[in-house]
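The following exercises are to be worked with the sequence and the coordinates at hand. Each task is followed by a solution in steps.

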Amino acid sequence: MRLSIPSSDLAGALRAVRLGSPTADTPVRLDAADGALTLYAADATTAVRAVVPADVTEPGAAVLPARLLSQLVTGDAPASLDVDLSLATLSIDDVVSTLNPYDPASLTPPPWPQSEGFEVPRDDFLSAVDA
């Protein structure tokens, strides 16, 4: 999996998923495909997902520690994420961080109901999440 995304977009999506997830240590699944990054966290009773636009150069999936990833993603600089089965590399400006990914099969998203859904303007969403 290889992608580029503004750090602020990734940080906002991580905040949304972490707020709805059961514990601060819940891992987050990242699925990159078709110009979007989908973040997903769940336990036995709750599932949360956020979808943000991303420049995906290599589709794929990874499961990473949500709290650590959230601590690394700050500011507005472009972020690039490169993940293979044994190592995830997050680059923001001149800072390169490495994380050990979990097996993507360890967190499989459930089928999401097909609905029209709804949209919330980005700034409104981020201000609600920060409240």
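**Exercise 1.** Which pattern does the protein chain follow when read along the sequence?

*Solution.* The model is a predicted one. Begin by listing its elements: the protein chain has three helices and nine strands. Next, place them in sequence order, which gives the pattern β-α-β-β-β-β-β-α-β-β-β-α.

**Exercise 2.** Determine where confidence in the protein chain is lowest and where it is highest.

*Solution.* Start from the chain as a whole: the mean pLDDT is 82, and 86% of the residues reach 70 or more. Then turn to the individual elements. Helix α3 (residues 122–130) has the lowest confidence, with a mean of 73, whereas strand β5 (residues 55–58) has the highest, at 94. As a rule of reading, predicted coordinates should not be read in detail where pLDDT is low.

**Exercise 3.** Establish the strand order of the four-stranded open sheet and explain why β4 and β6 each have one side without a neighbour.

*Solution.* First, the order is β4-β3-β2-β6, with antiparallel pairing. Second, β4 (47–53) and β6 (60–65) stand at the edges with a single partner strand each, so one side of each lacks a neighbour in the sheet. From one strand to the next, the twist averages 20 degrees. Third, examine one pair: β3 (residues 36–42) and β4 run antiparallel and are joined by seven bridges. Within β4, R49 is the residue that stands opposite Y40.

**Exercise 4.** Identify the residues with the most contacts inside the largest nonpolar core, and trace the surroundings of L37.

*Solution.* The largest nonpolar core has 32 residues, and L3, L30, L37, L39 and L69 have the most contacts inside it. Helix α1 (residues 7–20) supplies the largest share of this core, five residues. Now take L37 and leave aside its neighbours within four places in sequence: its contacts include L3, I5, L10 and L30, as well as A50, V51 and V52. In general, nonpolar side chains of soluble globular proteins tend to be buried together. For the chain overall, 40% of the 131 residues count as buried.

**Exercise 5.** Decide whether S70 counts as buried or exposed.

*Solution.* Locate the residue first: S70 is found in helix α2 (residues 66–72). Then apply the cut-off, under 20% relative accessible area for a buried residue. S70 has 19% relative accessibility and therefore counts as buried. Finally, beyond its neighbours within four places in sequence, S70 is in contact with L14 and R18.

Notes: Residues numbered from 1 in each chain as written. Predicted model: local features only at pLDDT ≥ 70, side-chain atom pairs only at ≥ 80, totals over all residues. Heavy atoms only, no water. pLDDT = per-residue confidence, 0-100. Helix = DSSP H or I, 4+ residues; strand = E, 2+ residues; numbered from the N terminus. Pairing = 2+ DSSP bridges. Axes fitted to C-alpha atoms, helices over the stretch in contact; angles between N-to-C directions. Core = buried A, V, L, I, M, F, W, Y, C linked by side-chain atoms within 4.5 Å. Buried < 20%, exposed > 50% of the residue type's maximum accessible area, 1.4 Å probe, protein only. Contact = heavy atoms within 4.5 Å.
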